[in-house]
Amino acid sequence: MMEADVSVIKPTIIQIKDAAIFQNKHLVLDDVNFEARVGDFIYLVGRTGQGKSSLLKTLYGDLPLQKGDGMVCGYDLKQLNKKTIPFFRRKIGIVFQDFQLLQDRTIYDNLSFVLKAVGITSEPIIKQKIDEALTLVKLPHKEQNYPSQLSGGEQQRIAIARALINHPELILADEPTGNLDPETSDEIMELFYNIFKEQQTPVVMATHNYQLIEKFKGIIYMCANGIVSKDESYVVVK
């Protein structure tokens, strides 16, 4: 008797088909076909100006999808509007290169601001979620510090905590180690990668740091010469 196929097809979180990515009226990428499933760790690689950030901005609704089809976290990118974008972005955690922390607020207030923005107002729940997020990034006692009192690596850990605090369906990261020295970059990537492996939340990360790609394996898409192409020699994350 033949054994039943017990393999499971993981849910698709991102599906982009025959898309064109524009910055204003300038075509940045054409004929884009791209997907991400639960458990995928995906790198967008390529030189500066080749469209990595533009593709990420399209994925979180900062740039409109003008041509082609795109679904992210169950939302049709072409149907996004001012009313739906806030709900859409609640499903996504975003990590930026420059941290984008509110400098005049404590770390606790930075994180509580995110929670209150999505309708969580119970202080005990806010405290619990912040404690969990800071413990996850190994900074459990920094909630009363201001961003300026933290190192660059610590600020990026807080940015990761902010991205994860709502248990998003998808993480997007735009050059998250770009402003860090090599040793700190390795520390941040190891933290980020270990959290990913534990939670299996799909990650799409733009980077030009090929040393990190060698250490932390994932699926690779190359942005170059106006197109996005998948590296078929990629290593699937286990």
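Six residues of helix α1 are buried in this predicted model: Lys-52, Ser-54, Leu-55, Leu-56, Thr-58 and Leu-59. Helix α1 has 8 residues, and 6 of them are buried, so the helix is largely enclosed by the rest of the structure. Just after α1 comes Gly-61. Its phi is positive, near 80°.

What does α1 pack on? To see that, start with the sheet. Its 4 strands lie in the order β2-β1-β4-β5. The pairing is antiparallel, and the sheet is open. Its edge strands are β2, residues 26–37, and β5, residues 75–76. Each of these two pairs on one side only. Helix α1, residues 52–59, packs on this sheet. The helix touches β1 (12–23), β2 and β4. The direction of α1 makes about 120° with that of β1.

Now look at the β5 edge. Strand β4, residues 67–72, pairs with β5 over 2 bridges, in the antiparallel sense. Here Met-71 stands opposite Asp-76 in β5.

Next, move along the chain to two other helices. Helix α5 covers residues 152–164, and helix α6 covers residues 182–199. How do they lie relative to each other? Their axes come within 10 Å and cross at roughly 20°. An angle under 35 degrees counts as roughly parallel, and α5 and α6 are therefore roughly parallel to each other. The crossing is right-handed.

Which residues meet there? From α5 come Gly-153, Gln-156, Arg-157, Ile-160 and Leu-164. From α6 come Thr-184, Glu-187, Ile-188, Leu-191, Phe-192, Ile-195 and Gln-199. The residues of this contact divide into 6 nonpolar, 4 polar and 2 charged.

Note on methods: Residues are numbered from 1 along each chain as its sequence is written. This is a predicted model: local features need pLDDT of at least 70, side-chain atom pairs count only at pLDDT 80 or more; totals for chains, interfaces and linings use all residues. Side-chain values use heavy atoms; hydrogens and water are left out. Two strands pair if DSSP finds at least two bridges between them. Contact means heavy atoms within 4.5 Å. Axes are lines fitted to C-alpha atoms, for helices over the stretch in contact, and angles run from 0 to 180 degrees between N-to-C directions. Buried means under 20% relative accessible area, exposed over 50%, partly exposed in between (1.4 Å probe, protein chains only). Angles under 35 degrees count as roughly parallel, over 145 as roughly antiparallel, 65 to 115 as roughly perpendicular and the rest as oblique. A crossing is left-handed if the near helix is turned anticlockwise from the far one by less than a right angle, and right-handed if clockwise. Ala, Val, Leu, Ile, Met, Phe, Trp, Tyr, Cys and Pro count as nonpolar, Asp, Glu, Lys and Arg as charged, and the others, Gly among them, as polar.
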